[in-house]
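Below are some notes for a colleague who works with computed structures, set out as numbered points. Please read them alongside the coordinates.

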Amino acid sequence: MNIIAVIPARYDSTRFPGKVLANKTGKFLVQHTAEQVLKAGSVSSVLVATDSQKVFAACETFEAACAMTSHKHKSGTDRIAEAVADIDADIIINVQADEPEISPEDIDLLASLLVDNPDAQMATLVTGIEDQEMLNNPNVVKCVTGIDGRALYFSRSPIPYNRQAGSGDMQLAKRHLGIYAYRRDFLLEITKLPQSPLEVCESLEQLRVLENGYKIMTAMVENACEGIDTEEQYERFVERYNSSLS
């Protein structure tokens, strides 16, 4: 199968403006992510999708393929769909631009979910819930799955509810990680559908997939890569990167 990774890269960021082009390491943040993704054996190529001429120009300096897309997209998924509309590929992997330490092995695992499950249209990764605070945090998306790994539901609430304990169940809940794999034709189809009621309610676009009867497969990973949302997180990444060089 031809598997390509697409990195949606907006320049504007509310919490850390211009973060994808932060370059205190000598490389742009999006460049770190692209290089890490290319280490995955399953990925044949990487494409950056952006609405910013600054990002496009930066990608040219490190010879990364980059596609200019509309600035009107409401999500990275919509941006990716535009970018791959005329590209011949079987599977598209969506990697966030602010994850420079993403595991290539996790990317390969994600791709294998669609290779090994021909009846699934989409796949994603989950990890464990660390504590009750994380379980109750609405910014941490929780996922519950079937015995076969199929996603049953995603929520910002602490699901599932353990009736005996009177709280969410940390053992059964899984933390959803924001990386996806789609079959290309499915990606183009699902992005044309209107927002679904549960999607609007929870503000989680993956619920559109479940509400329309499609199958999302999941796999568990032990160590989750943390994305960079703030300048403080970026400074810590710079320290780790520089330490790895010494």
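1. A convenient place to begin is Ser196, which, once its neighbours within four places in sequence are left aside, is in contact with Leu207, Arg208 and Glu211. The model is a predicted one, and the remarks that follow should be read with that in mind. Ser196 is found in the loop between H6 and helix H7, the latter spanning residues 197-202, and with a relative accessible area of 6% Ser196 is buried. With one of these contacts, Glu211, there is also a polar contact, made between the two side chains at 2.4 Å.

2. Helix H6 comes up again among the aromatic residues, where a search of the whole structure finds six pairs. In one of them, Phe186 and Tyr214 are arranged edge-to-face, with 4.9 Å from centre to centre and 65° between the planes. Phe186 belongs to helix H6 (residues 184-190), whereas Tyr214 sits in the loop between helix H8 (206-211) and strand S11 (216-220), so the pair ties together parts that are 28 residues apart in sequence. The two partners can also be described by their accessibility: Phe186 is buried at 4%, while Tyr214, at 21%, counts as partly exposed. Elsewhere, Phe16, Tyr234, Phe237 and Tyr241 form one aromatic cluster.

3. On the cysteines, a search of the whole structure finds zero disulfides. For Cys59, the closest cysteine sulfur is that of Cys66, and the 4.0 Å between them is too far for a bond, given that a disulfide requires sulfur atoms within 2.5 Å. Cys143 is likewise in no disulfide, and the nearest cysteine sulfur, in Cys201, is 17 Å away. Cys59 is buried, with a relative accessible area of 0%, and Cys143 counts as buried at 0% relative accessibility.

4. As for the interior, in soluble globular proteins nonpolar side chains tend to be buried together. The largest nonpolar core in this model has 39 residues, and those with the most contacts inside it are Val30, Val37, Val43, Ile93, Ile107, Leu110 and Ile179. Helix H4, covering residues 104-116, gives the most to this core, with five residues. Taking Val37 as an example, and leaving aside its neighbours within four places in sequence, one finds it in contact with Ala5, Val43, Val46, Val95, Ile102 and Ile107.

5. There is also a second, separate core, which has 28 residues and includes Ile80, Ala89, Val141 and Cys143. The last of these, Cys143, is the buried cysteine already noted above as being in no disulfide.

Key:
Residues are numbered from 1 along each chain as its sequence is written. This is a predicted model: local features need pLDDT of at least 70, side-chain atom pairs count only at pLDDT 80 or more; totals for chains, interfaces and linings use all residues. Side-chain values use heavy atoms; hydrogens and water are left out. Rings of Phe, Tyr and Trp (its six-membered ring) pair if their centres lie within 6.5 Å; planes under 30 degrees apart count as stacked, over 60 as edge-to-face and the rest as tilted. Helices (H or I, at least four residues) and strands (E, at least two) are DSSP runs, numbered from the N terminus. Buried means under 20% relative accessible area, exposed over 50%, partly exposed in between (1.4 Å probe, protein chains only). A polar contact is a pair of N or O atoms within 3.5 Å; within protein, one must be able to donate a hydrogen and the other to accept it, and residues adjacent in sequence count only if both atoms are side-chain atoms. Contact means heavy atoms within 4.5 Å. A nonpolar core is a set of buried Ala, Val, Leu, Ile, Met, Phe, Trp, Tyr and Cys residues joined through side-chain atoms within 4.5 Å.
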